[in-house]
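Hi everyone, thanks for coming along. Today I'd like to walk you through one protein model, step by step, and you are welcome to follow on your own screen.

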Amino acid sequence: MDSSGESFSSSGGSAAAVAAGYAMYEGAQQSKVFADAIVLSGNFAGQTEAQFGTLARTVAKATGETVGNVREIGQALLRTGELGPTVFAAATAAAVGYGKATGKTADEVAKDFAAMAASPSKFAS
């Protein structure tokens, strides 16, 4: 506090502004990655960004993973163009668990799931 009894909170305000700016930047980056994945796959999974965001939050809550990690795996699955709308949500949740159990990257998990979607009997062997 200064001699007039007013507290100085400019450093707290600056930190909040930086954090808000970073969050906006991250959100814009995530939107771009999502849009790119949709374009690459022709939106075979039938996802809107709002649906995908809800899915990511739901799966993160159910699995204990971060929303960012779920989005990364989901976007990798989207890019494969192998998972349709009827299985995309369940496949994303399963892929998150698979990635957590195996330690594989999002792209490795997506590659495995795309192979499974293309030929389940081959994947099982």
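I'll begin with the overall make-up, then go through how some helices pack, then the aromatic pairs, and finish with two loop residues.

One thing to keep in mind from the start: this is a predicted model.

So, what does the secondary structure come to? We have six helices and zero strands. If you read along the sequence, the pattern is α-α-α-α-α-α.

A few overall numbers next. The protein has 125 residues, and 27% of them are buried. The exposed surface is about 7500 Å², with carbon and sulfur atoms supplying 60% of that area. Now take the contacts between residues at least 6 apart in sequence: 53% of these join residues at least 24 apart.

Let's move to the helix packing. Please find helix H2, residues 49–63, and helix H3, residues 67–80. At what angle do H2 and H3 pack? The angle is about 125°, and the axes are 8 Å apart. An angle over 145 degrees would count as roughly antiparallel, and 65 to 115 as roughly perpendicular; H2 and H3 are therefore oblique to each other. Their crossing is right-handed. If you want to see who meets whom, the H2 side includes Phe52, Gly53 and Ala56, while the H3 side includes Val70, Gly74 and Leu78.

Now go one helix further, to H4, which covers residues 88–102. H3 and H4 cross at roughly 125°, and their axes come within 9 Å. That makes H3 oblique to H4. This crossing is right-handed. On the H3 side, the residues involved are Val70, Ile73, Gly74, Leu77 and Leu78, and they meet Phe88, Ala91, Thr92, Ala95 and Val96 in H4. You may recognise some names here: Val70, Gly74 and Leu78 of H3 also appear in the contact with H2.

H2 and H4 pack against each other too. Their angle is about 40° and their axes are 10 Å apart. H2 and H4 are therefore oblique to each other. Their crossing is right-handed. From H2, the contact uses Phe52, Leu55, Val59 and Thr63; from H4, it uses Phe88, Ala89, Thr92, Ala93, Val96 and Lys100.

Keep Phe52 and Phe88 in mind, as they bring us to the aromatic rings. How many aromatic pairs does the structure hold? There are two. In one of them, phenylalanine 52 and phenylalanine 88 have ring centres 6.4 Å apart and planes at 40°, so this pair is tilted. Phenylalanine 52 sits in H2 and phenylalanine 88 in H4, so the pair ties together parts that are 36 residues apart in sequence.

Are these two rings on buried or exposed residues? Phenylalanine 52 has a relative accessible area of 1%, so this residue is buried. Phenylalanine 88 also has 1% relative accessibility, and therefore counts as buried.

The other pair is tyrosine 98 with phenylalanine 113: their centres are 5.6 Å apart, with 65° between the planes, and this pair is edge-to-face. Tyrosine 98 belongs to H4, and phenylalanine 113 to helix H5, residues 106–118, so here we have a link between distant parts of the chain, 15 residues apart. Tyrosine 98 is partly exposed, at 25% relative accessibility. Phenylalanine 113, at 7%, is buried.

Let's finish in the loops. Where does lysine 104 lie? You'll find lysine 104 in the loop between H4 and H5. With a relative accessible area of 33%, lysine 104 is partly exposed. Leaving aside residues up to four places away in sequence, lysine 104 touches Tyr98, Gly99, Val109 and Asp112. Yes, that is the tyrosine from the edge-to-face pair.

The last stop is glycine 84, in the loop between H3 and H4. Buried means under 20% relative accessible area, so glycine 84, at 11%, counts as buried. Glycine 84 and glutamine 47 are 37 residues apart along the chain, and their C-alpha atoms are separated by 9.4 Å.

To pull it together, we have a predicted model with six helices. H2, H3 and H4 meet in oblique pairs, and a tilted phenylalanine pair joins H2 to H4. Thanks for listening!

Note on methods:
Residues are numbered from 1 along each chain as its sequence is written. This is a predicted model: local features need pLDDT of at least 70, side-chain atom pairs count only at pLDDT 80 or more; totals for chains, interfaces and linings use all residues. Side-chain values use heavy atoms; hydrogens and water are left out. Rings of Phe, Tyr and Trp (its six-membered ring) pair if their centres lie within 6.5 Å; planes under 30 degrees apart count as stacked, over 60 as edge-to-face and the rest as tilted. Helices (H or I, at least four residues) and strands (E, at least two) are DSSP runs, numbered from the N terminus. Buried means under 20% relative accessible area, exposed over 50%, partly exposed in between (1.4 Å probe, protein chains only). Contact means heavy atoms within 4.5 Å. Accessible areas come from the Shrake-Rupley method with a 1.4 Å probe; for residues, only the protein chains shown count as cover. Axes are lines fitted to C-alpha atoms, for helices over the stretch in contact, and angles run from 0 to 180 degrees between N-to-C directions. Angles under 35 degrees count as roughly parallel, over 145 as roughly antiparallel, 65 to 115 as roughly perpendicular and the rest as oblique. A crossing is left-handed if the near helix is turned anticlockwise from the far one by less than a right angle, and right-handed if clockwise.
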